[in-house]
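User: I'm new to this one. Could you walk me through a few of its features?

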Amino acid sequence: YGKSGMQVPDESEPSSFYEQGELDVLTLTVYTGNNDIKNKPVLVYIHGGAYACGGTSDKAYDPTALVTYNPDLLVVSITYRIGILGLLNLGVKDETGNYILSDYEENIEKYKTSNSLALLDVIQGLRWIKENVAAFGGDAGNITISGESAGAGCVSNLLLIASDPNNKYISLDEGLFQKVFSMSGGINQYSTLEGSSMLAKNLIAGFGAKTVADLCKPDIDALRKWLSENSVGLNFLVLDGEVLPQNIGEVYDKYVKYVGKGVTVLQGATTNEYAYFRTVFKDMYKAMGITHEDCARATFKAMTEPTLAYPDLKPTAAFKEALEAYLKALEEEGLTTEDEKLNAFLNDHSLQTINYYMAAKQAANGGTTYVYAFDQKYDGFYSECGAGHAIDCYYLFGNFTGTKAMGTPKQVDFSRKYQNMVANFCRSGNPSTEDVAWKPYNTETGWCAFLNDEKTECIKGYNYGRIINAIKMIDENSAMKLFLPWPKMFEIAVGLHKN
């Protein structure tokens, strides 16, 4: 494995205890399966971790079982720079409008992409794969890029910018990938230049840096120590106006305009995405004196009326109409209490309906997209999460830990079936198997594959009323386009709890 990206060790992230690197983390790990087979379809996997943690050394992401049971498949994982080494804005200015780092302006061409080094690392990895994968038995003309959570955000944004004819950092014409497999991520999680500037200023002040060269002096231990002692928040992919668009409106405008034909997509989410954070954030909730439901109420409030997150928000009549229809659809699904509705809204806003939104726009442009809802539940300590965020990783790679996925014969059998679906998508662009005939998504029929070890089937009109109205809500409300940053969510939740 490549060294993990620089991060603070955390018990919830096994790879954070693996050897960490600084700027030397861009590494590929190749899993060849049967070496006698040539021209294998290639699956490239990009790990998650909110762009701040994680790594390919996490055993949950080990694809040995995947290539063992699908020996004609070749899997490559990419380790990339994360956090302050992968997403740092070096072009910050002081109150007088001058660059804080004195050597920035004279090296602006070199440093202007510092916000997007995480994404550029992945692009560089894809170029190496395209040029060299044939030596490992892979087909350079049949590459699927995939990832979960932050990794899904990466591949969704690679699809966005590669489809944009005006982007100079990657193009579909390069042929770096032909298919996209996105697991629980999309085009709704970003940091702004303003937000990334605050992080950079704190780091520069913390180390007394005057130049970019000064920022290169602290070793990895000093950087980790600073991170552990300073509440810096998370830094997602940055809307920098260089590699990525400059604002969230432009992101959606470009997606609607450009993404569709040329790349086949498989994308989806788990059915209880945000419930995972009910457990992960439990101690933090307790320390702040709030509950998970407070966060759900905070998110609903921030999306529907002016708050400190979006003080100028003015919901349109069309948005209010779609919201009313969405809430009615929740009741028809059997979610009748206020907490049930608010938790569903939080789940949908964060990671769920963005997949259907992207699929709808891709289909409208003539693209082929398959959508899934992964409903397999966690085991053990995380069982209260249901089918929470990241559970699908354990079944994709067939790695059972006993604490999150037990590995019963029934679960292993389901894992093999799910692996076969993904492998078929990599092979031909169609995930259908003998057990499940998948059909492409469009807003008229709403086809979606519903997956768990009890039932795997492609359902017409899956949660249709909820999803269609959620798509309308995103189109009609700028706040709905952007994942509510956790610090803002917690701040609003604290205020609501006190009142």
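What follows is a short round of questions and answers on a predicted model.

User: Let's start with two helices. At what angle do the axes of α12 and α18 cross, and what is that arrangement called?

Analyst: Helix α12 covers residues 292–304 and helix α18 covers residues 486–498. Their axes come within 8 Å and cross at roughly 105°. Angles of 65 to 115 degrees count as roughly perpendicular, so α12 is, relative to α18, roughly perpendicular.

User: Which residues make that contact, and how do they divide by type?

Analyst: On the α12 side you'll find D294, C295, R297, A298, T299, K301 and A302. From α18 come M489, F490, I492, A493, L496 and H497. Sorted by type, the residues of this contact are 8 nonpolar, 2 polar and 3 charged.

User: How many aromatic pairs does a search of the whole structure find, and how are the rings of Y285 and F490 arranged?

Analyst: The search turns up 36 aromatic pairs. For Y285 and F490, the ring centres are 6.4 Å apart and the planes sit at 80°. Planes over 60 degrees apart count as edge-to-face, so this pair is edge-to-face.

User: Where in the chain do Y285 and F490 sit, and are they buried or exposed?

Analyst: Y285 belongs to helix α11 (residues 282–288), while F490 is in helix α18. That puts them 205 residues apart, so the pair links distant parts of the chain. As for exposure, both Y285 and F490 are buried.

User: What are the distances from the ring centre for K93 over Y99 and for R416 over Y69?

Analyst: K93 has its charged end over the ring of Y99, 5.0 Å from the centre of that ring. R416 lies over the face of Y69, and its distance from the ring centre is 3.7 Å.

User: What is the phi of N39, and is the residue buried or exposed?

Analyst: N39 isn't a glycine, yet its phi is positive, at about 55°. You'll find N39 in the loop between β1 (27–31) and β2 (40–46). Its relative accessible area is 60%, and the cut-off for exposed is over 50%, so N39 is exposed.

User: And A390: where is it found, and is it buried or exposed?

Analyst: A390 is another residue other than glycine with a positive phi, near 80°. It's in the loop between β9 (369–374) and α15 (391–397). With a relative accessible area of 15%, which is under the 20% cut-off, A390 is buried.

Technical notes
Residues numbered from 1 in each chain as written. Predicted model: local features only at pLDDT ≥ 70, side-chain atom pairs only at ≥ 80, totals over all residues. Heavy atoms only, no water. Axes fitted to C-alpha atoms, helices over the stretch in contact; angles between N-to-C directions. Helix = DSSP H or I, 4+ residues; strand = E, 2+ residues; numbered from the N terminus. Parallel < 35°, antiparallel > 145°, perpendicular 65-115°, else oblique. Contact = heavy atoms within 4.5 Å. Nonpolar A, V, L, I, M, F, W, Y, C, P; charged D, E, K, R; others polar. Phe/Tyr/Trp six-rings, centres within 6.5 Å; stacked < 30°, edge-to-face > 60°. Buried < 20%, exposed > 50% of the residue type's maximum accessible area, 1.4 Å probe, protein only. Lys NZ or Arg CZ within 6 Å of the ring centre and 35° of its normal.
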